[in-house]
Amino acid sequence: MTILKDLKILDFSSMLPGVFATMMFADFGADVIHVESTRRVDLMRIMPPYDENKESYIHQHLNRSKKSIKLNLKTKEAVEIVKKLIQEYDIVIEGFRPGVMERLGLDYESLKKVNPRLIYCSITGYGQTGPYRNRPGHDNNYLSISGILDYSRHKGKKPVSMGIQIADIAGGTLHAAIGVLACALHREKTGEGKYIDLSMTDAVFTMNALYGTAFLGSGELPKPEEEILNGGTFYDYYETKDGRYFSVGSLEPHFRKLLCEALDIPELIQSTFNDSTYTQKRFKEAVKDAFLTKTFDEWLEVFNEDFEGCVEPVLNFEEACNHPQIRARNMIVEVPKEDGTTQKQIGTALKFEGVEPTYRFVGAKVGEHTDEILQSLGYSDEEIKSLHDNGVLE
């Protein structure tokens, strides 16, 4: 059973937000065609490391189970191919800057004349309106504008460059997926398509759900290392004797009691995050000093699988892959390759009763399915050859 088998999507995006969203759809059976061009470099295709065929592992993950068609969208013939495709592939996800798809004749207003049921999602950094609508940007720029980075750092220190792309994935990918599914539900009821204007900056701005909301109500500006969850209390990361780290999140009284007992600081069991600043600092220093008395492995024995006080080791990615919880949840999967072998990839986080994800194949080569898709639209071999010869399929 493939829960999204009736969704047919044209993915015009490159980079991360759009392709991650369409991968999520493809994992549960959606039919996705990735519209690409050799004229436009997709960073996800060229990011190392590469397999034995010089294909990027990152690309092969993000584009698994999707067909690829090459189109030079600046040609009228390519635009006509798209218009034929959206008769069936009636969900479009694109990540161009505002105005680009309109200049190509592939914007929502143009395409909904061909198919009124069209769902069309535009993912951009700043949205289709406002003074920054045409401004280029990347993940760290959107996080900067949102106000998040200023209070998500240590006092007197610069913001940290994240290892993951928060604005791209939490902002772009997940909000796009929710938006498309909401529109699909609406269309199911009414037959009406919709346009989605998704700004990654808007999306991450909404993630100021705690301290941003508190500021709007009280006027109290969130500051680095002064709030309950940003290092202002003992909720933080602590170095071990051998230079590794543990996370401590033991906020509730019963968790804090277990922490104090494990660290052998029973005299501080009654401390809470509502205590005075002096008491808070004293408690945090005691936790810091305690962690420095043992190595990482020694603390692993203390904070073992039976410990229930919200303390966990900071793992490197290899250790994370081998963690029993990650393995039990099938988060590392084997995806088929063209040569009959398989490639290890990160699996989907979604678990549905009675539904298994469909990891059909790793990301395809650019335009690998072009002829097959055109043949399904009724193009003859002679017509396809002519399109190749005239630079439409590149």
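Here are some worked exercises on this predicted model, each with a task and a step-by-step solution.

**Exercise 1: Get your bearings**

Task: Work out how many helices and strands the chain has, and what share of its residues is buried.

Solution:
- Start with the secondary structure: the chain holds 18 helices and 11 strands.
- Next, the overall extent: along the principal axes, the C-alpha atoms fill a box of roughly 85 × 50 × 40 Å.
- Now burial: 45% of the 394 residues count as buried.
- On the outside, about 21300 Å² is exposed, and carbon and sulfur atoms supply 54% of that area.
- Finally, look at the contacts with a separation of 6 or more: 68% of them come from residues 24 or more positions apart.

**Exercise 2: Check the span of a helix**

Task: Take helix α9 and find out what its end-to-end span should be, then see which residues are buried and what they pack against.

Solution:
- Helix α9 runs over residues 166–190, which is 25 residues.
- The expected span is 1.5 Å times one less than the number of residues, so α9 should span 36 Å.
- In the model the end C-alpha atoms of α9 are 34 Å apart, which agrees with the expectation.
- Now pick out the buried positions: among them are A167, D168, G171, G172, T173 and A176. Further along α9, the buried residues include V180, C183, A184 and R187.
- What do they touch? The buried residues of α9 pack against helices α1, α7 and α10, and against strands β4, β5 and β6.
- Just after the helix comes G191, with a positive phi near 80°.

**Exercise 3: Pair up the charges**

Task: For three salt bridges, find the N to O distance and decide how exposed the partners are.

Solution:
- The structure holds 22 salt bridges in total. As background, side chains of opposite charge can pair when their charged atoms come close.
- Try R153 and D150: their side chains meet at 3.0 Å, N to O. D150 has a relative accessible area of 40%, so it counts as partly exposed.
- Move on to R244 and E319, which meet at 2.7 Å, N to O. This pair links distant parts of the chain: R244 sits in the loop between β7 and β8, E319 sits in helix α15, and they are 75 residues apart. R244 is partly exposed at 25% relative accessibility, and E319 is partly exposed at 28%.
- Now K365 and E338, whose closest N and O atoms are 3.8 Å apart. Here too distant parts of the chain are linked: K365 lies in the loop between β11 and α17, E338 lies in the loop between β10 and β11, and 27 residues separate them.
- For burial, K365 is partly exposed at 37%. E338 has a relative accessible area of 69%; the cut-off for exposed is over 50%, so E338 counts as exposed.
- One more to look up: K8, D31 and E88 are linked in a network of salt bridges.

**Exercise 4: Track down the backbone oddities**

Task: Locate the cis peptide bond, then M15 and S65, and say whether each of these two residues is buried or partly exposed.

Solution:
- The cis peptide bond joins P48 and P49, with omega about 5°. P49 is in the loop between α2 and α3.
- M15 is not a glycine, yet its phi is positive, about 60°. M15 belongs to the loop between β1 and α1, and at 29% relative accessibility it is partly exposed.
- S65, also not a glycine, has a positive phi of about 65°. You'll find S65 in the loop between α3 and β3.
- Buried means under 20% relative accessible area; S65 has 3%, so it is buried.

**Exercise 5: Look at a surface patch and a loop residue**

Task: Find which residues make the nonpolar patch, and what the side chain of N316 reaches.

Solution:
- V41, L43, I46 and Y50 make a nonpolar surface patch of about 360 Å².
- L43 is in helix α2 and is partly exposed at 36% relative accessibility.
- N316 is in the loop between β9 and α15, and its relative accessible area of 37% makes it partly exposed.
- The side chain of N316 reaches the backbone nitrogen of E318 at 3.1 Å.
- For a longer view, N316 and G367 are 51 residues apart in sequence and 36 Å apart in space, C-alpha to C-alpha.

Notes
Residues are numbered from 1 along each chain as its sequence is written. This is a predicted model: local features need pLDDT of at least 70, side-chain atom pairs count only at pLDDT 80 or more; totals for chains, interfaces and linings use all residues. Side-chain values use heavy atoms; hydrogens and water are left out. Helices (H or I, at least four residues) and strands (E, at least two) are DSSP runs, numbered from the N terminus. Buried means under 20% relative accessible area, exposed over 50%, partly exposed in between (1.4 Å probe, protein chains only). Contact means heavy atoms within 4.5 Å. A polar contact is a pair of N or O atoms within 3.5 Å; within protein, one must be able to donate a hydrogen and the other to accept it, and residues adjacent in sequence count only if both atoms are side-chain atoms. Patches are made of residues with over 30% relative accessible area and no salt bridge: like charges are joined within 9 Å, nonpolar side chains (Val, Leu, Ile, Met, Phe, Trp, Tyr) within 5 Å. Accessible areas come from the Shrake-Rupley method with a 1.4 Å probe; for residues, only the protein chains shown count as cover. A salt bridge is a side-chain nitrogen of Lys or Arg within 4 Å of a carboxyl oxygen of Asp or Glu.
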